[in-house]
Amino acid sequence: MNQEVGRGSENSSDSAPYSFGGAWQPSAIEIERRIARKARSRKNALVATASSIVVLGTLLSIIITSPGWKTLSETFFKWAYGFEVLPKIILGFGANLFLTVIAATSVAFFGLILALVRTSRSPAITPFRLLATVYVDVFRGIPMLLIILLVGFGIPALRLQGVTNNVFILGIMAVIITYSAYVAEVIRSGILTVHPSQRAAARSLGLSNMQTLRYVVLPQALRRVTPPLLNDLVSLIKDTGLVSILGVTDAIRAAQIESSRSFNYTPYVMAAGIFLLVTIPLTRYTDRTLRKSIERQNAQGLA
Amino acid sequence: MSIPVLALEKVRKAFGSEVVLEDISITVPEHTATVFIGASGSGKSTLLRCINLLEQIDDGVIRLDGQDISDVSVDPDEIRRKLGMVFQSFNLFPHMSVVENIILAPMRVHGKSRDEAIVEALELLTRFGLREKAEQYPDRLSGGQQQRVAIIRSLAVKPRLLLLDEITSALDPVLVNEVLSTVRDLKEHGMTMLLATHEMGFAKQVADEVCFLEHGRILEWGKPEEILENAKKSQTKEFLKRVHEAGRL
């Protein structure tokens with residue numbers, strides 16, 4: 001409504017009379033602007049295309065004309081061989097996906113608990129809060145590869161009764177231990193960004209501390225940290241590949257077995273391609289969620 | 001005389017070494033509205049938060065229907081169930097629709113069924129002309145509408161006493177009136193209220209008692225016409241003059 005009024009007054013000198021009820025026709029000045037905008041966007045597209053061709057073309061020609069290109073393409077991009085081993089790598093990737101699903105659900109559970117313990121102010125929780133803080137500090141500060149090695153080789157070395165030697169289970173454990181610490185921090189930051197006035201409003205309605213957390217704080221916190229959590233999920237998918245060091249036959253291990261047999265690195269490239277097939281759509285999706293969440297927060301700021 | 005809904009006896013509150021409330025004694029009989037006026041930082045909001053047990057007092061006694069609610073053995077959640085509070089910044093829950101905001105406490109705190117709570121919420125929304133906003137989310141509402149929903153949310157638990165903390169301060173002048181007329185409506189229906197406000201004209205209309213606070217102390221307390229038109233203390237006069245100059249009277 002306002003916009004229309006504004007447009008009407010701008011064009012008050014225009015011969016076409018402005019009326020609220022009648023069908024609106026763009027004025028001469030607006031038609032001119034549209035033509036100009038179209039011309040400009042056409043020019044922009046042209047510049048973008050030209051510069052892309054030049055830059056990418058130069059890079060490509062540098063690589064292809066390099067003295068080592070022929071041997072490199074033989075060892076890394078031997079496609080016929082690549083597709084031959086592809087089924088084995090895909091089978092290995094199944095292990096990565098399985099690891100991801102199990103780890104992600106467990107991490108969501110433990111991460112949430114750790115975050116709740118760390119943000120709790122209840123005196124009875126104090127020792128657990130200290131333990132949770134130490135836990136998070138320690139496991140966020142150690143490279144995951146080290147944790148996998150320590151868990152994978154350390155726990156069997158204890159020779160405890162009833163403790164598994166299964167590398168697959170030990171690998172998952174290491175991943176869960178590490179990622180719970182990461183995710184706990186993300187969720188905790190979400191909880192802390194919920195404004196204290198929201199708690200005050202909930203408490204003044206008579207809701208208990210737990211009810212406030214359950215119905216008011218957590219829903220808002222989790223919504224806010226969805227994009228960073230999705231980011232962590234992408235990282236998790238990739239990092240499940242690290243358990244191959246324990247001998248779990250995942251996509252990387254499968255590629256390694258093939259390539260050590262043929263002295264050709266194409267299986268690695270195939271494995272990389274399979275990872276990308278999953279991670280790129282997920283990354284795009286994460287970006288979209290993030291954009292939406294920012295838009296939503298901006299809208300709230302305006303209200 | 002019957003027991004007042006609220007009675008404060010020599011209440012004191014300090015944040016560290018800074019004393020924000022000192023020697024506050026008031027009584028609020030049933031069906032009356034007491035309005036606190038005073039400059040920002042005079043302790044109005046803190047006083048309301050203390051009554052709601054959102055802040056802990058450092059001395060004195062607060063009684064609700066005769067019960068000492070400042071006693072350490074009192075469960076704050078229990079007390080807050082009997083009190084409604086509305087904030088300057090609305091504080092609606094942004095992830096819930098209007099009707100969900102309103103039914104949360106009746107369902108979770110007072111154990112009502114969802115259907116029953118919804119029926120009551122819709123009745124309240126209809127009464128205050130917001131029926132068609134029931135399914136909307138707070139960010140789709142104007143400030144005035146949000147604040148009216150916040151008032152309804154606090155009414156839904158049928159409070160003994162309503163605490164209104166500068167509820168129009170975050171609104172632009174056009175929207176102030178719709179909120180104030182809601183409060184006037186409540187007053188006519190006999191709601192016992194405690195208000196902190198900068199709207200002197202409104203204070204005059206709705207208040208049974210006006211309390212002037214300065215630096216955490218009650219300087220004057222009386223009928224609205226006594227305080228707002230014939231203030232005895234020079235500080236009260238000075239404050240009212242400044243408010244008048246700011247165009248709020």
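How far apart do the C-alpha centres of domain 1 of chain B and domain 2 of chain B lie? We'll get there in the first exercise, after two ground rules. This is a predicted model, where local features need pLDDT of at least 70 and side-chain atom pairs count only at pLDDT 80 or more, while totals for chains, interfaces and linings use all residues. Residues are numbered from 1 along each chain as its sequence is written, chains are lettered from A and ligands numbered from 1 in the order in which they are written, and side-chain values use heavy atoms, with hydrogens and water left out.

**Exercise 1. Lay out the domains of both chains.**

Step 1: Start with chain B, where domain 1 covers 1–82 + 160–249 and domain 2 covers 93–159. (These bounds come from an automatic or database domain assignment.)

Step 2: Get the spacing: the two C-alpha centres in chain B lie 25 Å apart.

Step 3: Check the contacts, meaning heavy atoms within 4.5 Å. In chain B, 16 residues of domain 1 touch 16 residues of domain 2.

Step 4: Now do chain A, with domain 1 at 2–57 and domain 2 at 88–290. Here the C-alpha centres of the two domains are 49 Å apart.

**Exercise 2. Hunt for disulfides, then look at B:C50 and B:C211.**

Step 1: Recall that a disulfide is a covalent bond between the sulfur atoms of two cysteines. The cut-off is a pair of cysteine sulfur atoms within 2.5 Å.

Step 2: Search the whole structure, and you find zero disulfides over all chains.

Step 3: Take B:C50, which is in no disulfide; its nearest cysteine sulfur belongs to B:C211, 15 Å away. Going the other way, the nearest cysteine sulfur to B:C211 is that of B:C50.

Step 4: Are they buried or exposed? Buried means under 20% relative accessible area, exposed over 50%, and partly exposed in between (1.4 Å probe, protein chains only). B:C50 is buried at 1%, and B:C211 is buried at 0%.

**Exercise 3. Describe the cavities.**

Step 1: Set the terms. On a 1 Å grid over the protein atoms alone, a cavity is a set of points where a 1.4 Å probe fits but cannot get out, a pocket is an open set with protein on both sides within 12 Å along at least five of seven lines, and lining residues have an atom within 4 Å of a point. Grid points are joined across faces, edges and corners, and a volume is the space filled by probe spheres set on the points.

Step 2: Count them: the structure holds two cavities of 30 Å³ or more.

Step 3: The largest has a volume of about 40 Å³. Its lining draws on both chains, including A:A201, A:S204, B:F87 and B:R153. α5(B) supplies the largest share, three residues. (Helices are DSSP runs of H or I, at least four residues, and strands runs of E, at least two, numbered from the N terminus.)

Step 4: The second largest cavity holds about 30 Å³. Among its lining residues are B:I102, B:E120 and B:L124, and α4(B) gives the most, with four residues.

**Exercise 4. Describe the largest pocket.**

Step 1: Its volume is about 670 Å³.

Step 2: Of its 21 lining residues, the closest to the centre are A:T119, A:R121, A:R199, A:R203 and A:N209.

Step 3: α8(A) gives the most to this lining, with five residues.
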